[in-house]
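User: I should like to learn how to read the features of a protein model. Could you guide me through one example?

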Amino acid sequence: MELISVVIPVYNVEKYIRKALDSVIGQTYANLEIITVDDGSPDNSGKICDEYAAKDSRIKVIHKENGGQASARNLALPYATGEYLGFVDSDDWIDAEMYEEMYTLAQEEKTDIVICDMVDHYPTHEHYHHASEFTDKFRVSPSACNKIFRRDFVGDINFPVGLWYEDFEFTTKNLMLTENISVIHKGFYHCHCRETSTMSNNNSEKNLNILSVFNHLIDFVENNSLTEKHGNTLEYLHIEHILITTINRVEKQKNKNKKQAGKDHI
């Protein structure tokens, strides 16, 4: 059984972190390396991680000053020694068979990325995302959490620090480098949905981080000699994620500074 490295960035989630950790240590695939990164949590989240690490040798805890989710994930990556990488957000949880079934499929089909479905849990309802069903790989959910990535395939690709849409950048870069993708049509990953998220918010300025992320993707394509292969991909991503999705989202917001934010990014 090969090792799977699971990265969990942790910040101010003392109400939820036990459920997240219990779901990971309770996996039917036991050969896990669980790397938790306490991102300067002001509550007891870091102490809870230490408590779990004292009971389970598979858990490593890294404590750092607050720098955001991307910085926490990036700090963990050099410590990840598993054949595959997985990511779990500290207020979410996963089904017990998630990593066993995804890893088994990866081995059978010799793939670089495996994608499963997701379930959003709101206070009053649930929403099932058929994230494993898509007609084009660049139409997949950008979340890093409903996927496993072959570690040596990911290499030195990191998450952009200080920006929203960090999953979109990380996942898209990896998708650009492979056609070896497997899917499993099961809702293994469960998202605890709070009132405010990146996709439902009033922060026009941060929504426009997508422009910086898109510039990173352009540089990635050019630096990896992928222009011929992914020139059209960049055009599609520009239309779908900037001209349609983000601009429409910002336009509907009530942020009084949204017009100035748009001018500042032109």
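Analyst: Certainly. A nonpolar core is a set of buried Ala, Val, Leu, Ile, Met, Phe, Trp, Tyr and Cys residues joined through side-chain atoms within 4.5 Å. In soluble globular proteins, nonpolar side chains tend to be buried together. Please note that the model shown here is predicted.

User: How many residues does the largest nonpolar core have, and which have the most contacts inside it?

Analyst: The largest nonpolar core comprises 72 residues, and Ile 8, Ile 17, Phe 87 and Tyr 99 have the most contacts inside it. Leaving aside residues up to four places away in sequence, Phe 87 touches several residues, among them Val 7, Arg 73, Tyr 99, Phe 149 and Phe 170.

User: Is helix α3 largely enclosed or not, and why?

Analyst: A residue counts as buried when its relative accessible area is under 20%. In helix α3 (residues 69–76), 6 of the 8 residues are buried, so this helix is largely enclosed by the rest of the structure. The buried residues are Ala 70, Ser 71, Ala 72, Arg 73, Asn 74 and Ala 76. Their cover includes β1, β2, β3, β4 and α6.

User: At what angle do helices α1 and α2 pack?

Analyst: Angles under 35 degrees count as roughly parallel. Helix α1 (residues 17–25) and helix α2 (residues 45–55) pack at about 25 degrees, with their axes 10 Å apart; they are therefore roughly parallel to each other. The contact is formed by Ile 17, Arg 18, Leu 21, Asp 22 and Ile 25 of α1 with Ile 48, Cys 49, Glu 51 and Tyr 52 of α2. Of these residues, 6 are nonpolar, 3 are charged and none is polar.

Methods: Residues are numbered from 1 along each chain as its sequence is written. This is a predicted model: local features need pLDDT of at least 70, side-chain atom pairs count only at pLDDT 80 or more; totals for chains, interfaces and linings use all residues. Side-chain values use heavy atoms; hydrogens and water are left out. Buried means under 20% relative accessible area, exposed over 50%, partly exposed in between (1.4 Å probe, protein chains only). Helices (H or I, at least four residues) and strands (E, at least two) are DSSP runs, numbered from the N terminus. Contact means heavy atoms within 4.5 Å. Axes are lines fitted to C-alpha atoms, for helices over the stretch in contact, and angles run from 0 to 180 degrees between N-to-C directions. Angles under 35 degrees count as roughly parallel, over 145 as roughly antiparallel, 65 to 115 as roughly perpendicular and the rest as oblique. Ala, Val, Leu, Ile, Met, Phe, Trp, Tyr, Cys and Pro count as nonpolar, Asp, Glu, Lys and Arg as charged, and the others, Gly among them, as polar.
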